[in-house]
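Subject: Structure handover

Hello,

Here is the structure I said I would pass on. My notes on what turned up in it follow below.

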Amino acid sequence: MAGLRKLRTTALALVMLSVVTLLSGCGGAAGVSSLIKVVKVAADVQKQWNASKAMIGIVADIVSGSSIKEVIARIFRSGESQPTEIILTANSEGKFEGSFEAASTETEPITYTAVVEATDTVGNTASSEPVSVEAPIAP
């Protein structure tokens, strides 16, 4: 009976050692630090706008196992292929925000689409789904 117990203890120790070795080889504890995800992005027209320009704000919620190095929003205006890039900065709530000046017309709204990309200090990146917002018709 004592021999069987010793065999079980040895087998359990070997299994635990194997699990720890496999986890560390597959990312293990470092696997958590490689997590980065853009959880949510919101874009809205801010109240400050006039006959030719509207300010559009972007807020991104990002989670990462490491510190965030950089957050960039690429803004595409409808009908154009080259984006405008803005750097989002951390706010007091731990989210990243920024704004850009959007054109406005007297005849039709202009649609802008934002894609946010975050990079952490380890070098991992994550991108958001596209989020669209309309700059209103000028008053």
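Arg 74 and Glu 85 form a salt bridge in this predicted model, with 2.9 Å between their closest N and O atoms. Arg 74 sits in strand β3 and Glu 85 in strand β4 (residues 84-87), so the bridge ties together parts that are 11 residues apart in sequence. Arg 74 also forms a salt bridge with Glu 117, and here the closest N and O atoms are 3.9 Å apart. Glu 117 belongs to strand β7, so this pair links parts 43 residues apart in sequence. Through the shared partner, Arg 74, Glu 85 and Glu 117 make up one network. The count of salt bridges comes to 2. As for exposure, Arg 74 has a relative accessible area of 23% and is partly exposed. Glu 85, at 47%, is partly exposed, and so is Glu 117, at 27%.

On the overall layout: the chain has 139 residues, with 2 helices and 9 strands. Both helices come before the strands when the chain is read from the N terminus. Buried residues account for 26% of the chain. Of the contacts with a separation of 6 or more, 63% are between residues 24 or more positions apart. The accessible surface is about 9000 Å², and carbon and sulfur atoms hold 56% of it.

Next, the interior. In soluble globular proteins, nonpolar side chains tend to be buried together. The largest nonpolar core here has 26 residues, and the members that touch the most others are Ile 58, Ile 62, Leu 88, Phe 100, Tyr 112 and Val 116. At least two core residues come from each of β1 (36-49), β2 (53-64), β3 (68-77), β6, β7 (110-120) and β9 (131-135). Beyond its neighbours within four places in sequence, Val 116 is in contact with residues including Val 38, Ile 58, Val 71, Leu 88 and Ser 128.

Some nonpolar residues are on the outside. Leu 35, Val 39 and Val 63 form a surface patch with about 230 Å² of accessible area together. Val 39 is in strand β1 and is partly exposed, at 48% relative accessible area.

One loop residue is worth a look as well. Asn 91 lies between β5 (89-90) and β6 (96-103). Its relative accessibility is 18%, so Asn 91 counts as buried, the cut-off being under 20%. A polar atom of the Asn 91 side chain is 2.9 Å from the backbone nitrogen of Glu 93.

Regards

Methods: Residues numbered from 1 in each chain as written. Predicted model: local features only at pLDDT ≥ 70, side-chain atom pairs only at ≥ 80, totals over all residues. Heavy atoms only, no water. Helix = DSSP H or I, 4+ residues; strand = E, 2+ residues; numbered from the N terminus. Buried < 20%, exposed > 50% of the residue type's maximum accessible area, 1.4 Å probe, protein only. Contact = heavy atoms within 4.5 Å. Areas by Shrake-Rupley, 256 points an atom, 1.4 Å probe, with all protein chains shown as cover. Polar contact = N/O pair within 3.5 Å; in protein donor to acceptor, adjacent residues only side chain to side chain. Core = buried A, V, L, I, M, F, W, Y, C linked by side-chain atoms within 4.5 Å. Patch = residues over 30% accessible without salt bridge, like charges linked within 9 Å, V, L, I, M, F, W, Y side chains within 5 Å. Salt bridge = Lys/Arg side-chain N within 4 Å of Asp/Glu carboxyl O.
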